[in-house]
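User: I have a model open and would like to understand the reasoning behind its labels. Could you take me through it?

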Amino acid sequence: MDLTSFSKKFVDYSRGVLMFRGILLIAFGILMFMDFAAIVNIVTMILGIILLVDGGATLLGMLFNRKVSVSLIVSSLFLIVFGILALKKPFEINTLIMVALGIWLAAGAIQEIILCFTAKKPFFSLLSGLLSLLAGGLFIVSPWSGLAAIGTILGILLIAAGVTTVSTAIVIGQKLNDL
């Protein structure tokens with residue numbers, strides 16, 4: 001097999017991977033609009049499994065290496081507990097995450113607003129601070145509304161990325177035929 005033949009096969013394989021990835025992105029984007037809460041809960045449960053495995057692996061690693069660290073034990077147990085909670089109570093964990101995000105946004109917004117007046121920052125910084133404060137307040141008062149807003153934006157981004165990826169795969173296929 002010569003280099004040109006190999007290159008064409010590789011590019012054709014890559015085009016197929018891109019097409020598959022693009023279709024998956026579009027499908028997940030559409031799913032975000034169809035049943036957003038279920039998707040978020042599934043992602044949280046997958047995160048719970050990852051946290052359980054990570055926490056358990058860290059504890060086992062300490063046992064097998066006979067190197068005990070209080071901070072590693074505490075963080076491993078935290079990961080395990082949080083993983084179990086994410087599996088058992090995904091709705092509550094998602095709510096907790098959104099409230100924490102809201103508090104973080106609001107705190108940063110207040111800091112930005114104060115800096116606007118003390119450091120004479122531009123008007124756009126004040127506007128950004130006020131919008132962040134509004135978003136943070138929304139996440140604190142109504143966590144699932146904030147999550148739904150993020151989900152809508154994410155759904156749009158996933159569909160756009162999928163369409164772009166499929167378009168790229170189509171263009172690559174057309175260019176491959178020209179060779």
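Analyst: Happy to; we can go from the overall fold to single residues. Please keep in mind that this is a predicted model.

User: What makes up the secondary structure of the protein?

Analyst: The protein has six helices and zero strands. Reading along the sequence gives the pattern α-α-α-α-α-α.

User: Why is the protein called more spread out than a compact globule?

Analyst: Set the value against the rule: for 179 residues the globule rule gives 16 Å, while the radius of gyration is 23 Å, well over that, so the protein is more spread out than a compact globule. For its extent, the C-alpha trace spans about 60 × 55 × 35 Å along the principal axes.

User: How many of the 179 residues are buried, and what belongs to carbon and sulfur atoms on the surface?

Analyst: Buried residues account for 26% of the 179. The accessible surface is about 11800 Å², and 77% of it belongs to carbon and sulfur atoms. As for charge, there are 11 positive and 7 negative side chains, with the centres of the two sets 7 Å apart.

User: Why is T165 called buried?

Analyst: The cut-off for buried is under 20% relative accessible area. T165 has 15%, so it is buried. This residue sits in helix α6, residues 143–178, and beyond its sequence neighbours up to four places away T165 touches L18, G22 and L25.

User: And what makes N94 count as buried?

Analyst: With the same cut-off of under 20%, the 6% relative accessibility of N94 makes it buried. N94 is found in helix α4. Leaving aside neighbours within four places in sequence, its contacts are V40, N41, T44, W144 and L147. One of these, W144, is 50 residues from N94 along the chain, yet their C-alpha atoms are separated by 8.3 Å.

User: Why is T118 called exposed?

Analyst: Exposed requires over 50%, and T118 has 58% relative accessibility, so it counts as exposed. T118 lies in helix α4, residues 90–118. From T118 to G48 the C-alpha distance is 43 Å, with their positions 70 residues apart in sequence.

User: How do you know that V53 is exposed?

Analyst: The relative accessible area of V53 is 53%, and because the cut-off is over 50%, V53 is exposed. Its place is in helix α2. V53 and S128 are 75 residues apart in sequence and 39 Å apart in space, C-alpha to C-alpha.

User: What makes A135 partly exposed?

Analyst: Partly exposed covers the range between the 20% and 50% cut-offs. A135 has a relative accessible area of 26%, so A135 is partly exposed. It is found in helix α5, residues 123–141.

User: Which residues form the largest nonpolar core, and what makes a set of residues a core?

Analyst: A core is a set of buried nonpolar residues joined through side-chain atoms within 4.5 Å. The largest one here has nine residues: M32, F36, I39, V40, M98, F139, W144, L147 and L158. Helices α2 (36–65) and α6 each supply at least two residues of this core. L147, for example, is in contact with F36, V40, N94, M98 and F139, leaving aside its neighbours within four places in sequence.

User: How do contacts in the protein split by sequence separation?

Analyst: Among contacts between residues at least 6 apart in sequence, 74% join residues at least 24 apart.

Conventions
Residues numbered from 1 in each chain as written. Predicted model: local features only at pLDDT ≥ 70, side-chain atom pairs only at ≥ 80, totals over all residues. Heavy atoms only, no water. Helix = DSSP H or I, 4+ residues; strand = E, 2+ residues; numbered from the N terminus. Rg over C-alpha atoms; globule rule 2.2 N^0.38 Å. Buried < 20%, exposed > 50% of the residue type's maximum accessible area, 1.4 Å probe, protein only. Contact = heavy atoms within 4.5 Å. Areas by Shrake-Rupley, 256 points an atom, 1.4 Å probe, with all protein chains shown as cover. Lys, Arg positive; Asp, Glu negative; His and termini not counted. Charge placed at Lys NZ, Arg CZ, Asp CG, Glu CD.
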